Amino acid sequence: MRARDYYKTLNIPKGASDAEIKRAYRRLARQYHPDVTGDDVRSTERFKEITEAYEVLSDPKRRRSYDLFGAPSPPGAPDERSPFSDVADIFADVMRRASRRTGPEPGIDVEHALAVTLAEAATGCERTVDVDLTRACDQCAGKGYPPDKPPETCPDCGGSGTKGGGFPLKRSCGRCDGLGSIRRYTCRACAGEGQRKVPERLKVTVPAGVDTGTRLRLKGKGEAGREGGAAGDLYVVIQVKGDERFERDGADVHTTLKVGLRQALLGGKIEVPLPDGLAVMTLPSGTQGGQVFRIKGKGMPRLQGDKPGDVLVTVQLRVPKQLSDDARRLIERLAETVPDL
Ligand SMILES: [Zn+2]
Ligand SMILES: [Zn+2]
């Protein structure tokens, strides 16, 4: 089994949506379709690769298998397959679009995962992320072919992209598929993509109150657009790391506090962990095991800026497991005056 990275082939992130996959394929297919590139062997090879990648990634079952095992399951029966996997349909569409000369096309949005601690989520933080931004290739100005070797005018249609008499007899030129030109050379720097990956370190301001799944948008930091289209956006997807002391419920945070018998009986001040520090709480005398105290406003902030959540402290009684003979006698005596002990 070939160990080919289908995501790389389509130039998309691992978590790309069906729509992103389809769009990436559509774009690349339009570039590398043999009818467009003529007899350029490298382009034909590339075209086969992207089609193979698309066939696997557009089929949910095969994609899952590929994600898990690095190899796709064999193609399913036609009725099991996703409606996306109909390559022929896309093609018709690709060619229709090609013949229309689509013009500016906005860049694809991309995602980047960022893990933060609960404390960072509570206070907000500044972080940097290293990403590979897709930017127009500087060697060919995003054209995909060497500046000194532009596509040749299609000999069959003379560059008009159409053949035949006047309307309605006019039809798309089969040689160049309506493009009017045939690309014979590809830019080496970007392998004809017109785009290259450029590493960049970006500053991300994580606002207080983020939760797992919160998406922070960095405008224009997605893939570059084509033909002058605007760049897509980068979404930083937050993952809040687990903190064993806390359980988060939206803006509220639950925690368990171990309290010794003496403190439960007599009451007193006790330290309670908060997501971003400590609080001192006063326990009343006669605190019961399982009793819940609410510390208002000390939970997680809310992104919308409303009042922060609360910390709910559940008391767990700490009972000594072993007693000395002396202690046992004292407690027996105590029980004579404290009936509930
Ligand atoms: Zn280039
Ligand atoms: Zn032509």
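Which side chain does aspartate 326 meet in a salt bridge? The partner is arginine 329, at 2.7 Å from N to O. This is a predicted model, and a search of the whole structure finds 16 salt bridges. Three of these pairs are described below, followed by a nonpolar surface patch.

**Salt bridge within a helix**

- Aspartate 326 and arginine 329 both belong to helix H9, which covers residues 325-337.
- Three residues separate the two in sequence, about one turn of the helix.
- Both aspartate 326 and arginine 329 are exposed.

**Buried salt bridge**

- Glutamate 223 pairs with arginine 27 in a salt bridge whose closest N and O atoms are 3.3 Å apart.
- Arginine 27 sits in helix H2 (residues 18-32), while glutamate 223 sits in the loop between strand E8 (215-218) and strand E9 (234-240), so the contact ties together parts that are 196 residues apart in sequence.
- Glutamate 223 has a relative accessible area of 2% and is therefore buried, the cut-off for that class being under 20%.
- Arginine 27 is also buried, with a relative accessibility of 6%.

**Partly exposed salt bridge**

- Glutamate 152 forms a salt bridge with arginine 184, and their closest N and O atoms are 3.2 Å apart.
- This pair links distant parts of the chain, 32 residues apart.
- Glutamate 152 is in strand E3 (residues 152-153), and arginine 184 is in the loop between strand E6 (181-182) and strand E7 (195-206).
- Glutamate 152 counts as partly exposed at 39% relative accessibility.
- Arginine 184, with a relative accessible area of 27%, is partly exposed as well.

**Nonpolar surface patch**

- A nonpolar patch of about 940 Å² lies on the surface.
- Its residues are Leu261, Leu265, Leu266, Leu317, Val319, Leu323, Leu330, Ile331, Leu334, Val338 and Leu341.
- Helix H8 (261-266) and helix H9 are the elements that give two or more residues to the patch.
- Helix H9 also holds the aspartate 326 and arginine 329 pair.
- Valine 338, one of the patch residues, is found in the segment after H9.
- The relative accessibility of valine 338 is 33%, so this residue counts as partly exposed.

Key
Residues numbered from 1 in each chain as written. Chains lettered and ligands numbered in written order. Predicted model: local features only at pLDDT ≥ 70, side-chain atom pairs only at ≥ 80, totals over all residues. Heavy atoms only, no water. Salt bridge = Lys/Arg side-chain N within 4 Å of Asp/Glu carboxyl O. Helix = DSSP H or I, 4+ residues; strand = E, 2+ residues; numbered from the N terminus. Buried < 20%, exposed > 50% of the residue type's maximum accessible area, 1.4 Å probe, protein only. Patch = residues over 30% accessible without salt bridge, like charges linked within 9 Å, V, L, I, M, F, W, Y side chains within 5 Å. Areas by Shrake-Rupley, 256 points an atom, 1.4 Å probe, with all protein chains shown as cover.
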